[in-house]
Amino acid sequence: MSSHKKILLTSLLLISLLSIPTYASSDDDASFLPLPILTTNKQYFQKILQPPYLQSNLLHHPLLMDEWNESEFQMAAFIEEKKEKAKAKAKTDNPDNEEVTSDDVLQDIIGYGAKDSIEFDMINKIALMRGEGTTIGMGKARLTAHNISFNWDNYTVIATGHKNEKGKIDPKAIFLNDQTIYLAEELRYNFKSHRGKAKQLFTPQGEALLRAKAAKKDTPDTYYIDDMHFTTCNCVKPHYAVKAKTIKYVDGKRIASGPFRFEFYGVPTPLGFFYGLFYLPTPQASGIIFPQLGEDPDKGFYLRDGGYYFYFNDYIDLACRGSIYTKGTREIKVNSNYISRYSFKGDMLYRRTTTPHSDELSIAEDNETEWQYTWHHETLHNKVRSLMADVDIRNSFRAMAYNPNKLNGKTQSKIRYTENFRLFWFDWLPYTMSTSIAHNEDFSKDITNMTLPHIAITGSPLYPARLWSKRSNSDSIWYKDLYLNLSIKHTSEFQNELTNKIGTQEDETIKFWSNKRRVWKEKRYGFKHTLPVETNIKIFSYFNLNPFFKYTERWYFKRRNYTSPSPGDFKTEESWYRVWDWNTGAKLSTSIYGTYLWGEEARIQGIRHRIEPILGFTYTPDFSKENYQYYQKFPTANGEKKCNRFENAIFGTAPEKDSAILTGKIDNILELKIKDTSKKGNASKKIPIFESLYMETGYDFLEKEFPLQDIKLGGRTRLFDELLSIEYDSTLDPYSYQRRTRIKEYAWQHGNGLGTLKQYNLKIGTSFKSKQSPSEQATNNNNPLTDEAPDEAPSPSEETVIEYPSQYVDADLPWEVKIAYHRTYTYQIAQDQKKTTNHIPMSGMCSISKNWKIGFETDYDIDNKELVGDATKINIARDLHCWQILFAWAPIAKRQSYDFSIGIKANMLQDVKFPHTVAYDKL
C-alpha cells in the first residue's frame with residue numbers, strides 16, 4: 001500500500017473516531033452523552049425573565065434534552081479505549097506512580113456534537129461545528145451555540161450565536177458551568193485554564209441578574225465586567241438597576257465596583273456612590289455592615305448598627321457595630337458566634353452606651369456609661385457531660401432599649417454544668433451531678449441575689465425487684481411482678497445564696513458590692529436530701545394505684561432563738577441542725593367510657609362520653625412539737641403563737657401542722673361522630689362537644705374549722721368545625737359568710753349553691769380567613785414553563801423578620817380576621833371588693849387591591865369604653881414586585897409613633913432600604 005493511501009486511510013479513521021460524541025470525567029459518568037439545549041434564547045429568556053407586572057419572580061433553568069441516537073456500546077468501547085491508552089501513557093510518564101485512577105486520566109476527554117455539520121482542520125487542529133443545539137463540554141463545563149470553533153490542541157473554544165431575520169443574535173451562546181448559566185453573543189473559553197471572555201453577557205447569580213457589555217473570567221471564581229447592569233428584578237424591563245462602568249465580581253462572595261448609580265425604569269438618577277461593595281447572601285465572607293438611618297425622639301437622628309463583620313472560619317465570627325446620635329449618645333456592640341460541630345455552640349455580646357446628661361453638658365465628666373454582657377452556651381449531643389450558660393449582666397437597665405424585659409427591670413443569669421457518673425461501690429446505679437451558679441437582679445427594687453453555687457446529685461430511679469431478680473438469675477421469684485415498678489430516687493443538694501435584702505421588710509436593702517462583708521455574713525446555705533419511694537399497681541385491670549412515700553432531710557448550720565413572739569426579737573445560734581419530715585399517700589385513677597351508636601348511614605353516627613375520675617390522699621404529720629425543736633411557742637392574747645426557728649432557711653422547714661387531705665377530680669370528655677359530607681364514601685369525623693369539663697376539690701380530715709377546700713370548675717371546647725373556641729375556669733369558696741366573716745357552715749345549707757364565686761376567667765375567640773379557590777390552587781401547584789409563574793419574590797431573611805418585625809408582611813393571604821372576648825372576675829370576700837375586666841382583642845388583615853395590604857390590631861376595653869392605646873396599631877404594605885413599602889402607625893398610644901420603611905426585597909440587598917421611625921408625645 002502506497003504512503004498516500006496510508007495517510008488518507010489514517011485520516012479517515014481518525015475523523016471517524018473523533019466524530020463519535022464523547023464526554024466523561026470519571027468512571028461514574030463514562031457513558032455520559034452531551035445534552036444539547038434545544039430551545040431558542042427567546043423562549044429561554046421568557047423562562048428566566050417575566051414581562052413587567054406579571055405575577056412571577058422565579059428563575060427557571062433551560063431544559064436539557066437528550067436526542068442522540070448513537071449506541072451506548074460504541075460510546076462505552078471508545079471510553080474504555082481512551083482509558084487504557086491514557087493509563088499506559090500516565091505510567092510511562094510517571095514510572096514511580098503505583099496506581100493511576102480514572103479521574104487522573106480522563107481530564108482531557110472532550111464531548112461534542114452538532115446537528116448540522118462538523119468540519120476538521122487537521123493541520124491547525126480545529127473543529128468547526130454548526131447548527132442549532134451544537135454542544136461541546138469538558139468536566140462540569142458545557143457550551144451550546146449555533147457556531148462553535150474548537151482548538152483541541154490548546155482546548156480553546158469560540159462560540160457565537162446566530163443572527164435572525166431582524167439582525168439580532170438569537171439564539172445566543174449558552175455556557176453552563178457547574179449549574180451556573182451564562183448567555184452571550186460571543187463566548188471564548190479555555191477548558192484547561194478556565195479563563196474566558198464574553199460579549200453582551202447575561203447571567204443569573206442567585207437572586208441577582210447581571211447584564212454586561214463585556215466580561216472576562218480571570219480565575220475560576222473571579223470576573224471583570226464592563227458596563228454592568230445589576231438588579232434583582234426579573235422583569236424584561238427591570239424596575240431598578242445598579243449601573244457601573246467597571247466591576248469585579250467574586251462568585252458567591254461579593255461584587256465590587258467603581259462609581260455606580262441607580263436607574264429606575266431605565267431612567268438614570270443621581271443616587272449612587274463613588275465606590276460600591278455588595279455582599280452576596282452567605283455567612284462565609286467578611287465585610288462592611290451598613291448603618292441604619294433614622295430618628296429617635298429622645299436621642300435625635302442616628303446612624304445605628306454600622307460596622308464590620310469578621311468571618312474567621314466556619315466555627316467562629318465577630319461583628320463590631322457602632323451607633324451615634326445627634327444629641328450625644330454613643331454606643332458600641334461587639335458580638336461573636338461560635339460552634340463546634342456535634343460538640344457545643346454559643347454566642348457572646350458586649351454593649352456599652354454613653355449618654356450625656358443634657359445637650360449643653362455633654363462632656364465626659366457629665367456622661368453616664370452603661371454596659372451589658374450576655375453569653376449563651378449550649379452543649380450538643382453529649383449524654384455524659386454538658387455545660388449550659390445563659391448570662392445577662394449589666395450595671396443599669398435604663399439604656400438597654402433592645403431588651404424585651406425592659407418593663408420588668410429584671411435580669412437573670414445562670415451557668416450550669418452536669419455530668420453523669422457511677423459510684424465505685426454502686427456501679428449499677430447511675431448518678432447525675434449538676435453544678436450551677438446564678439445571678440438575679442431587680443433594678444426597680446434594687447435587690448440582687450447570687451447563688452454560689454448550687455450542687456445537686458440525683459440518682460436514677462432504682463427498681464429493687466428487678467435488681468434482686470437479676471442478681472439471683474431467676475425469673476420465677478414471686479415478688480418480681482408484684483413490685484416490678486417500685487422505684488427509689490435519691491437526691492442531695494447544697495446551695496449557698498447571697499443577697500442584699502437584709503431582714504424581713506422589702507425596703508431593708510443594702511448596696512451589694514459596697515457591703516460585701518455583710519452580704520457574705522448574712523448568706524443562706526444548707527443541704528437537702530430527698531428520698532421518694534413510689535410504685536404503680538394495676539387493680540382488676542381497670543384501676544391504676546400509685547402509692548408513694550417521701551422523706552426529706554435538711555442540714556443547716558444556724559437557727560433562731562426567739563426571746564419573745566416579736567419577729568425581729570431573736571438571737572442566732574450556730575451549730576449543725578437536722579430538719580426532717582415525711583409524708584405519704586396514694587393516687588387512684590381510671591377511665592369510664594359510655595358509647596351509643598346510631599349506625600353508619602345516619603347523619604350522627606354515634607356519641608361517646610369519657611369520664612376520668614382521680615382520687616388522691618396525702619398524709620403529713622405535725623412537726624411543730626417541742627421534741628423536734630423546729631418551732632418555739634409563745635402564749636398570746638389571741639392564743640398560742642408559733643415562731644419558726646428556721647424562718648430564713650434556704651430550703652424552708654418542716655410543716656407546722658398535720659394534715660390528711662383527700663383530693664378528688666372528675667374530668668369529662670364528650671364527642672360526636674358524624675358523617676363527613678365533604679368526602680366520598682362512608683368517611684366520618686369526630687366533633688368535640690367538650691374537650692374538658694372538670695370539677696376539683698379536697699377535704700382535710702385533720703382540719704378542725706374549714707376542712708373542705710375551694711371548689712374548682714372549668715372546661716374548654718371548640719365548636720363549628722373549630723371556628724369558635726371557649727375556655728372557662730373558676731374558683732368557689734364552699735363556706736358561708738356572715739357580715740363578711742367566714743362561718744363553719746356550707747353555702748348549700750343556706751341555699752347559695754356550691755359556694756361563693758371568688759374568681760373566674762372566660763375566653764371566647766374565633767378567626768376567619770380566606771381560602772384559595774380550586775383554580776388558584778391549581779395555578780400555584782402546577783407551574784409549567786409555558787404558563788405564568790406565581791409571584792414569589794425573594795422574602796426577607798429570618799433574622800430580618802425577627803429583628804425588624806414591622807418591616808415584614810405576609811403577602812400570600814388575601815384576608816384574615818381574629819376576634820376574641822376576655823372576661824376576668826375577682827372577689828375579695830373579706831373586704832367585699834369586686835373587680836371585673838372585659839376586653840375584646842382584635843386583629844385583621846386584608847388585600848384592598850392586588851399589591852396593597854392593610855392590617856390592624858387593637859384591644860377594646862369595654863369597661864372604660866375605649867381602645868387600649870398601646871395595643872392599637874395600623875399596618876399598611878405596598879408590594880412593588882422587587883421592592884416593598886411598609887408603614888406601621890400607633891395613633892392613640894400614650895406616646896404615638898410611626899414606622900416607615902421602603903426597600904428591596906432581596907436578601908442580598910436588604911441593606912438598601914430607608915427605615916424611618918418617629919415617636920412623639922400627644923399634643
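1. Phe312 is found in strand E19. This strand, which spans residues 300-313, supplies 3 residues to a nonpolar patch, the largest share of that patch. The model discussed in this note is a predicted one.

2. The patch deserves a description of its own. Its members are Ile288, Phe290, Tyr308, Phe310, Phe312, Tyr315, Ile316 and Ile339. These side chains form a nonpolar patch on the surface, and their accessible area together is about 720 Å².

3. A second region to examine is strand E8, made up of residues 186-190. Of its 5 residues, 4 are buried, so the strand is largely enclosed by the rest of the structure. Burial here refers to a relative accessible area under 20%.

4. Strand E8 has a pairing partner in strand E5, which covers residues 156-160. The two strands pair in the antiparallel sense, and 5 bridges link them. Within this pairing, Leu187 of E8 stands opposite Ala159.

5. Strand E8 is also joined to strand E9, residues 196-205. This pair runs antiparallel as well, with 4 bridges. Leu187 has Ala198 as its bridge partner in E9. Leu187 therefore serves as a useful point of reference for the student, since it faces Ala159 in one pairing and Ala198 in E9 in the other, under the rule that two strands pair if at least two bridges are found between them.

6. The connection between E8 and E9 is a hairpin with 5 residues between the strands. In this hairpin, His194 takes a positive phi near 60°.

7. For the reading of any strand, one general point may be kept in mind. In a regular strand, the side chains alternate between the two faces of the sheet.

8. The cysteines also merit a remark. The count of disulfides comes to 0. How exposed are Cys643 and Cys846? Cys643 has a relative accessible area of 6% and is buried, because that value falls under 20%. Cys846, at 30% relative accessibility, counts as partly exposed, because this value lies between the limits of 20% and 50%.

9. Finally, some overall figures place these details in context. The protein has 923 residues, and 36% of them count as buried. Its secondary structure comes to 9 helices and 52 strands. Among contacts between residues at least 6 apart in sequence, 51% join residues at least 24 apart. The protein exposes about 54,700 Å², of which carbon and sulfur atoms supply 55%.

Note on methods. Residues numbered from 1 in each chain as written. Predicted model: local features only at pLDDT ≥ 70, side-chain atom pairs only at ≥ 80, totals over all residues. Heavy atoms only, no water. Buried < 20%, exposed > 50% of the residue type's maximum accessible area, 1.4 Å probe, protein only. Patch = residues over 30% accessible without salt bridge, like charges linked within 9 Å, V, L, I, M, F, W, Y side chains within 5 Å. Areas by Shrake-Rupley, 256 points an atom, 1.4 Å probe, with all protein chains shown as cover. Salt bridge = Lys/Arg side-chain N within 4 Å of Asp/Glu carboxyl O. Contact = heavy atoms within 4.5 Å. Disulfide = S-S within 2.5 Å.
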